Amino acid sequence: MPNFDPHGLAERSHAEYVECNTLDEMIRENLVAERVAIESYKEMISYLGHDDPTTKRLLESILAKEEEHAEDLSSMLRVVAPRPPLKAVSA
Ligand SMILES: [Fe+2]
C-alpha cells in the first residue's frame, strides 16, 4: 500500500533535499537526484531478475525516462554553468 504521509516522505526518499541559492546549484542537485533515481531503478530491475517480466518492463520504461531527465539537466548545466560533469552515483 502506498504511503503518502508527508511526515515520513523525506526520510523514505532515496535522494536528499538540499537548499540551493542559485540556478546552477538547483540544476546540479536535481541532476544528483536523477542519478540516484537511475541507480535505484537499476537495483530494482536487477532484484526482479526474471521473476516478474511485466513489472521489470514497467521499471525499465521509468528508468528510460529518468535517464532522459538526467540528460536534459546535464544539457542545461552545460549552458548555465559550463564545468566538468558530475560523476555517476554508485550504489
Ligand atoms: Fe526524473
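**Figure 1. The iron site is irregular, with angles of 53 to 126 degrees among its four donor atoms.** This close-up, like those that follow, is taken from a predicted model. The protein donors of the iron ion are two OE atoms of Glu34, an OE atom of Glu66 and the ND1 atom of His69. These atoms lie 2.0 to 2.6 Å from the iron ion. Along the chain, the donors follow the spacing E-x31-E-x2-H. Glu34 in helix 2 and His69 in helix 3 are 35 residues apart, and this pair links distant parts of the chain. Glu34 counts as buried because its relative accessibility is 13%, under the 20% limit. His69, with a relative accessible area of 34%, is partly exposed.

**Figure 2. Helix 3 covers residues 53–80 and packs its buried residues against helix 2.** The 28 residues of helix 3 reach 40 Å from the first C-alpha to the last, close to the 40 Å expected at 1.5 Å a residue. The buried residues of this helix are Leu59, Leu63, Glu66, Ala70, Leu73, Ser74 and Leu77. One of them, Glu66, is also a donor of the iron ion. The partner in this packing, helix 2, spans residues 23–48.

**Figure 3. The largest nonpolar core holds 12 residues in all.** Its members are Ile27, Leu31, Ala37, Ile38, Tyr41, Ile45, Leu48, Leu59, Leu63, Ala70, Leu73 and Leu77. Helix 2 and helix 3 are the elements that give two or more residues to this core. The largest share, seven residues, comes from helix 2. Leaving aside residues up to four places away in sequence, Ala70 touches Leu31, Glu34 and Ile38. Among these contacts of Ala70, Glu34 is a donor of the iron ion, while Leu31 and Ile38 belong to the core.

**Figure 4. The model has four salt bridges, three of which are described here.** In helix 2, the side chains of Glu39 and Lys42 meet in a salt bridge, at 3.9 Å from N to O. Glu39 and Lys42 are separated by about one helical turn, because they stand three residues apart in helix 2. Lys42 is partly exposed, at a relative accessible area of 39%. In helix 3, Glu68 forms a salt bridge with Lys65, and their closest N and O atoms are 3.7 Å apart. Glu68 and Lys65 are likewise three residues apart, so about one helical turn separates them. Both residues are partly exposed: Glu68 has a relative accessible area of 41%, and Lys65 has one of 46%. A further salt bridge joins the side chains of Arg78 and Glu71, at 3.3 Å from N to O. Glu71 counts as partly exposed, at 43% relative accessibility.

How values were computed: Residues numbered from 1 in each chain as written. Predicted model: local features only at pLDDT ≥ 70, side-chain atom pairs only at ≥ 80, totals over all residues. Heavy atoms only, no water. Helix = DSSP H or I, 4+ residues; strand = E, 2+ residues; numbered from the N terminus. Expected span 1.5 Å × (residues − 1). Buried < 20%, exposed > 50% of the residue type's maximum accessible area, 1.4 Å probe, protein only. Contact = heavy atoms within 4.5 Å. Donors = N, O, S within 2.8 Å, 3.2 Å for Na, K, Ca; no water. Tetrahedral: all angles 85-135°; square planar, octahedral: opposite > 155°, others 65-115°. Core = buried A, V, L, I, M, F, W, Y, C linked by side-chain atoms within 4.5 Å.
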